[in-house]
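Visitor: Got a minute to go through this one with me? I'd like to start with a single aromatic side chain and work outwards.

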Amino acid sequence: MEGHRFQALRAYLSKTSKLAKEDFEASEELLDLLQNEIRVLIVGAGGLGCEILKCMALSGFGKIDIIDMDTIDLSNLNRQFLFRQKDVGRGKADVAAEFIMGRVPEASVTPHFCRIEEKDSDFYRQFQIVILGLDSVQARRWINAKMFSLLIHDDDGNILPQSIRPIIDGGTEGFRGHCRLICPTMTACLECNLDLFPPQVNFPLCTIASVPRLPEHCIEWSRIIAWEEEDPFQGEPVDGDNFSHITWLTEKARERAEEFNIDASGIDFRKTQGVIKRIIPAVASTNSVIASQCVTEAFKLATYSFDNMDNYSMLNQNAGIYQFVYPAERKEDCVVCGKKRRVIEVGKEKTLGDLIAKLKDENELSGPALTANIENSEKVLFMDNIQGTHENLSRTLEELSLGNQEIQVTDKAYAAPVTIQLRFTGES
Amino acid sequence: MPPVHEMCDSPVQQDIRYDRQIRLWGDHGQTALENAHVLVCGVTTTSCETVKSLILPGVGKITLIDHKVVEKEDISSNFFLTKADLGRNRAEAVLSNISELNPSVKVSYDDRNVADVLASGDEFFKKFTVVLVSKIDRKVRRKIEKLLYPLTIPVVLVESTGMFGRIRLLFKEHFVLEARNEHQVPDLRLDNPFPELGEYLQSFDLEKIDDCDHKHVPMIVPLFLALEEWRNENDRRMPDYKGKKAIREKINRIRRSPDEENFDEAIAAVNSMIYERRVPTEIGDFCCEVLKNKSLTPDTPIHWVMFKALHDFINKTNKLPQDPTIPDMFSDSKSFVRLAKLYRDKAQEDVELFKKFLQHHCSSIGIPSPDEKFITRFCSNARGLRVMFCDLDGFENTDPELPTKLPELLQSNEDNLHAFLCFEAALDFEQQFSRHPGTDYEQMLDGQYKDADRLNFFSSKITKALDSSFQLKEDYIDEFLRICGLELNSIATYTGGLAAQETIKLITRQFIPIENTAIYNGITEELQTFVL
C-alpha cells in the first residue's frame, strides 16, 4: 500500500518476534483495525490530552473522540502544543481535533467541548478504550464509576467480555507522574485506592485569621477575610484569572505580612496567583512521558502484541529517573468494583445525619443522597432538595427501620449509585 | 494550511506562558534556558520529540543538522513530518513545524553531513551549550564526544527503536548548584545552635507560660530543651535510638493536653531533626579535589573557585554555611517569625564570611567575583552541592584494543543491556549496508535470518569480547530484525521527554541528572539507569 503514511507501521504489525505475546496474531490487517474499527475516547485535551491525542494518531489509531470543557489560556502554551497564541479563548477539544486532523489526515478526531457529565451512557458505550488526561480526582472517580456501570452480567452472574472497557489513567505534577491501567474485573479501579491521590492543601482558619506565619497564610487571609470585608470589586467573587483581582490580593497580602513582620519579599503576583488557584507546576516533558506511556499501553491492548503492565506505574524525575510498576490491589468491598457489598457498621441509636456524615468522611463525598428499599417500596431517606426528607436527619437509624438494609448512595463522585449494606453494631 | 507566523511574546506574555515551569526552576533557571544553544545531530523522531520539550519551555536557540532524507519510517512516526516530505532533507523538512511551537525560539537547520563539518574544524561545535546526538555514525559520535569532553560541553545520546529507548549523558564534569533534593533534612542546628539561636530557645520557660502560649510554642523549643536535658544527663553525647525514645518521653511529660499540635510535631521531629551536623563527605571531597589540582586560573570553572572558598570556610568554622529555610511549624506568629529571621540572619552572616574568602581567591586569579545571587544560592544549597563526572572511555576505549566495560555488565544478566548493544550493532550495520537490519529480502539461510548473524558480528566487534562464546540474546536480535529500524511514536515521545528534562537539568544546573545511562523497555515498562 504505497504512499500511506503508516506503511512502515503496517509492516511492523505484520511480523512477530520472540518477545511478542505468545498468542499475538501478526497481520497486514492489524493497522486497518487500528485505523477503522477501534474507537477510543480521550478525556481531557490539556497537557496530557494533547500529547495522548498526538501519540494515538501517530500510532495508527484512526477513530478518536476527545472531550474537554475548558478554553485555551496563554499559560497553557508551554506544554499544550496543539494550541497557538491565536487560539486563546477557544475550546481545547475543538482546536486539538482541528490541529491533529490537519497534520495527520489519516485520523478522524471528533471533539466534544462540554463536561463529561453531560454525556450519557450510550455515548461512553461506543468506545473500546478510554484514556484519561485529567487534573481532578472528582472527574476521574466519575468516569471510573461510569465505565463500571456499563458492565453487563449474564444470567450466571458472569460479566460479558465485550462490556469490559479498559481505562488508562495518567496524571502529572511537576516532575512526578503516574500511568495506570484499569481493567474492570481484573485490576484495581480508581475508587479502590483513593488515598493514592495527595490531599488538597488547605490552611487552618485560625492560623489564617489570627496567627499567620507564612506568606501563604497572608494570601489566604486576603482572599477569605479582606475580600469579604472590603468588597473591592462590587460584589464580584474572587477570580484567580483576573489580573486586577490578583493584584489587589497581592497588595493586601503584603500589608498583612508587614503587620506580622513576615518576610514579604516573596509575595508577588505569581506567588499570590499560585496560592489562590492552587496552581500545580507543569512542564512539557513530564506530560510527554506519562501520556506516551498511556498510549503504549493502549497500543498493546488494541494490537494484542505485548503484555500490558501490571498495573500501576509511578515516575519521579526530580533526581535521576525513577520509574516503578507495581500491581495495585483491588479492594474486595470497593463501592464501585468490589465483589462484596461494602458493609457499614453503626450504632442503631445513631441518626441518619450521623450516617451521612460518616459516609461523607470515609468516602470523600460532597453531598450524598440516600434511598432504601423498605418493605418492597423505594423510600427516599434523604435528598437535599426534597424538603420533606430533612426531618429524617435527626431520626435514629432504628426508627427508620434500616437494620440490615441495603442503602443506595448517590453522589457527584459516582456516575451511578452505589449500594452499601448497613449493619447495627452488636447485631449480626 | 501554512503555519501562521505569530509574533513573539512580550515580556509579560512570556512570564504567563512560562508560569507553570518557572514555579519549578525559577526565573534564573528560565534565563539559563533562554541563553542556551542546543545542537541536534540526527533528526530522528526521538530527537524531534526531545527538541519539542526544549522549544516549548523556551530554550534560546536550536540548530538541527542532518544530511539524510525523509524516508517511509520517518513519516510513519514523526509528528513533524507528513507524506509530502518524503525525499526532502530531514532537518529542513521538520523546521517549520518544529519552530512554530514557540515563536521566541530561534531554530535553524544545516543539511551537511556532520562528519564533514567535523573534518573541517572544531569551531562549529564550541558555541553550543549541549549537543544531542541521535542515530549518527558511531565513529562520528565518538569524535564529537572526544572533542567536547575537554570543553565540558555535555553530549546527550537519545534514540529509540521499536519498543526500546535509550539515553546517555556524557560530560567531563557537571556542577549541580541546586540539587533540590526532596528529602533534604532541615538545617535546624539543634546539636550546636549558633549563639543567637541558643539564647532564643533557652529563653522559653515552658513551665511558667500559660496554656494558650504553651500550645503555640514552636515545636523546635520543646524539641531542643528535651534534647539538651537528655544530653546533660548523658555526657553531652548525641542520642542514639534509645536516647531518642527517652527524648520523646520527656516531651510527652511536659505536654499539657492531647490536642497540642505543636507537641505532636515535636515528637514526630525527634527522629529526623536531631542529628549531628557534619560536613557531608562528598562536599569535603569536592573541596579536596580542588586542592589536588594545580593553582586556579581564569579558565578554571567558577565552581572550583567556589569550592576553594568553601574549603577555607569549613576550615575556619568547621561547618557548612547555614541553610536559611526552616520547615513550617504550628506556632504563634511572633515566635515563628522571630525564629525564621534568626536562621535567615545567620545564613546571611555566613554568606558574608564566604564572600571574603571567595573575593580573596578571585582577586589572586584576576577574575571578578561572581553574581551575588549565585553566591547566595551556592551557600544556601551547600549541603546538596555536587559535581558529577563521566568516564570518556566508559563505553568505548580510547585504545581500541582494550575491551569495554559492557561485557562485565552483561555478566550480571541485565537483559536491557542486550537491547543497548543492539542499538550499537544496528548503527554499524546501517553504516556498512546502507539499510536497516531485517530488510534483506533474501534473508533466510538454512532457516536463520542472515541479518541476525550480521548483527551478532557487529556486536562482538563492539564488545571485543575476549570470550568468543559471547552472544547477543536471540530475543532482542529477533525484535530488532522485526522492527527494521522503525521508531514508534509513543516510545520516541517517552524517551524524548525524559531526555529533554535531563538536558534542562544540565543547562539550569538544577536537579540531579541520571548517572549516566538509561534504557527504556516499553514491553516490560522498565526503566533502568546505570553507569556506562
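Visitor: Is B:Phe429 buried or exposed?
Guide: B:Phe429 counts as buried, because its relative accessibility is 0%. Keep in mind that this is a predicted model.

Visitor: Which ring does B:Phe429 pair with, and in what geometry?
Guide: B:Phe429 pairs with B:Phe458. The ring centres are 6.2 Å apart and the planes are at 70 degrees, so the pair is edge-to-face.

Visitor: Where do those two rings sit in the chain?
Guide: B:Phe429 is in helix H19 of chain B, and B:Phe458 is in helix H20, residues 450–463. They are 29 residues apart, so the pair links distant parts of the chain.

Visitor: And B:Phe458, buried or exposed?
Guide: Buried, because B:Phe458 has 5% relative accessibility.

Visitor: How many aromatic pairs are there over all chains?
Guide: The structure holds 32. One of them is B:Phe354 with B:Phe378, and that pair is stacked. Centre to centre it spans 5.5 Å, with 25 degrees between the planes.

Visitor: Which helices carry that pair?
Guide: B:Phe354 is in helix H16 of chain B. B:Phe378 is in helix H17, residues 372–380. They are 24 residues apart, again linking distant parts of the chain. Both B:Phe354 and B:Phe378 are buried.

Visitor: What cluster do B:Phe354 and B:Phe378 belong to?
Guide: Ring pairs link them with B:Phe175, B:Phe286, B:Trp304 and B:Phe307.

Visitor: Back to H19. Where in chain B is B:Asn416?
Guide: B:Asn416 lies in helix H19, which covers residues 415–433. B:Asn416 counts as buried because its relative accessibility is 2%.

Visitor: What does the side chain of B:Asn416 make a polar contact with?
Guide: With the side chain of B:Gln528, at 2.7 Å.

Visitor: What else does B:Asn416 touch?
Guide: Leaving out residues up to four places away in sequence, B:Asn416 touches B:Tyr476, B:Ile519, B:Asn521 and B:Glu526, as well as B:Gln528.

Visitor: Switching to charges. How many salt bridges over all chains?
Guide: A search of the whole structure finds 74. Side chains of opposite charge can pair when their charged atoms come close. Take B:Arg166 and B:Glu159: their closest N and O atoms are 2.8 Å apart. Both B:Arg166 and B:Glu159 are buried.

Visitor: Which network are B:Arg166 and B:Glu159 part of?
Guide: Salt bridges that share partners join them into one network with B:Arg138, B:Arg141, B:Arg142, B:Glu145, B:Arg168, B:Asp393, B:Glu424 and B:Asp428.

Visitor: How far apart are the closest N and O atoms of B:Arg168 and B:Glu145?
Guide: 3.9 Å, and the two form a salt bridge. The cut-off is 4 Å. B:Arg168 is in strand S6, residues 164–170, and B:Glu145 is in helix H8, residues 138–148. They are 23 residues apart. B:Arg168 and B:Glu145 are buried.

Visitor: What about B:Glu73 and B:Lys72?
Guide: Their side chains meet in a salt bridge of 3.4 Å, N to O. B:Glu73 is buried, with a relative accessible area of 13%. B:Lys72 counts as partly exposed, at 36% relative accessibility.

Visitor: Now the interface. How many residues of chain B are in contact with chain A?
Guide: 80 residues of chain B are in contact with 79 residues of chain A.

Visitor: And how much area do chain B and chain A bury between them?
Guide: About 7100 Å², with 57% of it on carbon and sulfur atoms. B:Arg20, B:Phe79 and B:Arg482 supply 13% of the area that chain B buries against chain A, more than any other three residues.

Visitor: How many salt bridges cross the interface of chain B and chain A?
Guide: The rule finds 12. One joins A:Glu51 to B:Lys52, with the closest N and O atoms 2.7 Å apart. The count of residue pairs in polar contact between chain B and chain A is 44, with both residues at pLDDT 80 or more.

Visitor: Which elements of chain B give two or more residues to that side?
Guide: Among them are helix H1 (11–17), helix H2 (19–34), helix H16 (333–365) and strand S12 (526–530). The largest share, 10 residues, comes from H22(B).

Visitor: And by class, what is on the side of chain B that touches chain A?
Guide: That side has 36 nonpolar, 17 polar and 27 charged residues.

Technical notes:
Residues numbered from 1 in each chain as written. Chains lettered and ligands numbered in written order. Heavy atoms only, no water. Helix = DSSP H or I, 4+ residues; strand = E, 2+ residues; numbered from the N terminus. Buried < 20%, exposed > 50% of the residue type's maximum accessible area, 1.4 Å probe, protein only. Polar contact = N/O pair within 3.5 Å; in protein donor to acceptor, adjacent residues only side chain to side chain. Contact = heavy atoms within 4.5 Å. Buried area = accessible area lost by both parts, 1.4 Å probe. Nonpolar A, V, L, I, M, F, W, Y, C, P; charged D, E, K, R; others polar. Phe/Tyr/Trp six-rings, centres within 6.5 Å; stacked < 30°, edge-to-face > 60°.
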